[in-house]
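Hi everyone, thanks for coming. I'd like to walk you through one structure today, element by element, so please have the view open in front of you.

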Amino acid sequence: MILSIDETNDILDRLCGELPEALFQDLNGGILLLEEALPDPEAGESVYVMGEYCWDELGRYIKLYYGSFAALLAGESRQAWEDELRTTLRHELTHHVEGLAGERSLEYKDAAQLDAYQRGESWPPEIET
């Protein structure tokens, strides 16, 4: 199943409504659901960027890529779409909250995960005991 961009936006609106308003503080550009897919230029064409937290001259905002969701979730259930939207939204909001606090832990974790992927290693790294 591929949800329409309107259906996806409706789910996204509902998911935002489930979260405390404080998480959206200073997110002056809001959350944008863009039509395009965004293959990850660093990871290869089979890996897609689902969302990005942006902080630039336009302010602070989140971009979610509908086309990336459609490419990865084609044939999946509505619940799978909702789960992935929820995960991605919360991930990008974590970047936002960390940005407000001057913290970059999730950014470093994302970079380490991409590095592991590019080396063909599993994530999270296995810990030897």
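**Starting from the sheet**

Let's begin with a strand pair: β1 and β5 run parallel to each other and are joined by 5 bridges. Before I go further, please keep in mind that this is a predicted model. Within that pair, isoleucine 31 sits opposite isoleucine 62 in β5.

Now look at the other partner of β5. Strand β5, residues 59-65, pairs with β4 in the antiparallel sense, over 6 bridges. A hairpin of 2 residues takes the chain from β4 to β5. Two facing pairs are good to pick out here: cysteine 54 is opposite tyrosine 61 in β5, and glutamate 52 is opposite lysine 63 in β5.

Put those together and you have the sheet. It is open, with 3 strands in the order β1-β5-β4 and mixed pairing. β1 (30-34) and β4 (51-56) are the edge strands, each with a single partner, so one side of each has no neighbour in the sheet. From one strand to the next, the twist averages 25°.

How many of the 7 residues of β5 are buried? The count is 6 of the 7, so β5 is largely enclosed by the rest of the structure.

**The helix on the sheet**

Next, please turn to α2. Helix α2, residues 66-73, packs on the sheet and touches β1 and β5, and its direction makes about 30° with that of β5. Here too burial is the main story: 6 of the 8 residues of α2 are buried, so this helix is largely enclosed by the rest of the structure. The buried ones are Tyr66, Gly67, Ser68, Phe69, Ala70 and Leu73. They pack against α1, β1, β3, β5 and α3. Just after α2 comes glycine 75, with a positive phi of about 90°.

While we are in this region, have a look at tyrosine 48, which lies in strand β3 (residues 44-48). Is tyrosine 48 buried or exposed? Neither label fits, because its relative accessible area is 25%, and tyrosine 48 therefore counts as partly exposed. Setting aside neighbours within four places in sequence, tyrosine 48 is in contact with Ala37, Leu38, Pro39, Asp40, Ser68, Ala71 and Leu72. Leucine 89 is another residue to locate from here: tyrosine 48 and leucine 89 are 41 residues apart in sequence and 15 Å apart in space, C-alpha to C-alpha.

**The two later helices**

That brings us to α3. Its 24 residues should span 34 Å at 1.5 Å a residue, and the end C-alpha atoms are 35 Å apart, which agrees. The buried residues of α3 are Ala80, Trp81, Glu82, Leu85, Thr88, Leu89, Glu92, Leu93, His95, His96, Glu98 and Gly99. As you read along that list, remember that an α-helix has 3.6 residues a turn, so residues three or four places apart point the same way. The cover over the buried residues of α3 includes α1 (5-17), β1, β4, β5, α2 and α4. Just after α3, glycine 102 has a positive phi of about 75°.

So how do α3 and α4 meet? The axes of α3 (residues 78-101) and α4 (residues 105-118) come within 8 Å and cross at roughly 135°. That angle makes α3 oblique to α4. On the α3 side the contact is made by His91, Thr94, His95 and Glu98, and on the α4 side by Ser105, Leu106, Glu107 and Asp110. Sorted by class, the contact of α3 with α4 has 1 nonpolar, 4 polar and 3 charged residues.

Further along α4 you will find alanine 116. Alanine 116 is buried, with a relative accessible area of 2%. Not counting residues up to four places away in sequence, alanine 116 touches Glu121, Ser122 and Trp123. Alanine 116 and lysine 63 are 53 residues apart in sequence, and their C-alpha atoms are 25 Å apart in space.

**One last residue**

I'll finish in the loop between α1 and β1, where aspartate 26 lies. Aspartate 26 has a positive phi of about 65°, although it is not a glycine. At 45% relative accessibility, aspartate 26 counts as partly exposed.

Thanks for listening, and I'm happy to go back to any of these views.

Conventions:
Residues numbered from 1 in each chain as written. Predicted model: local features only at pLDDT ≥ 70, side-chain atom pairs only at ≥ 80, totals over all residues. Heavy atoms only, no water. Axes fitted to C-alpha atoms, helices over the stretch in contact; angles between N-to-C directions. Helix = DSSP H or I, 4+ residues; strand = E, 2+ residues; numbered from the N terminus. Parallel < 35°, antiparallel > 145°, perpendicular 65-115°, else oblique. Contact = heavy atoms within 4.5 Å. Nonpolar A, V, L, I, M, F, W, Y, C, P; charged D, E, K, R; others polar. Pairing = 2+ DSSP bridges. Expected span 1.5 Å × (residues − 1). Buried < 20%, exposed > 50% of the residue type's maximum accessible area, 1.4 Å probe, protein only.
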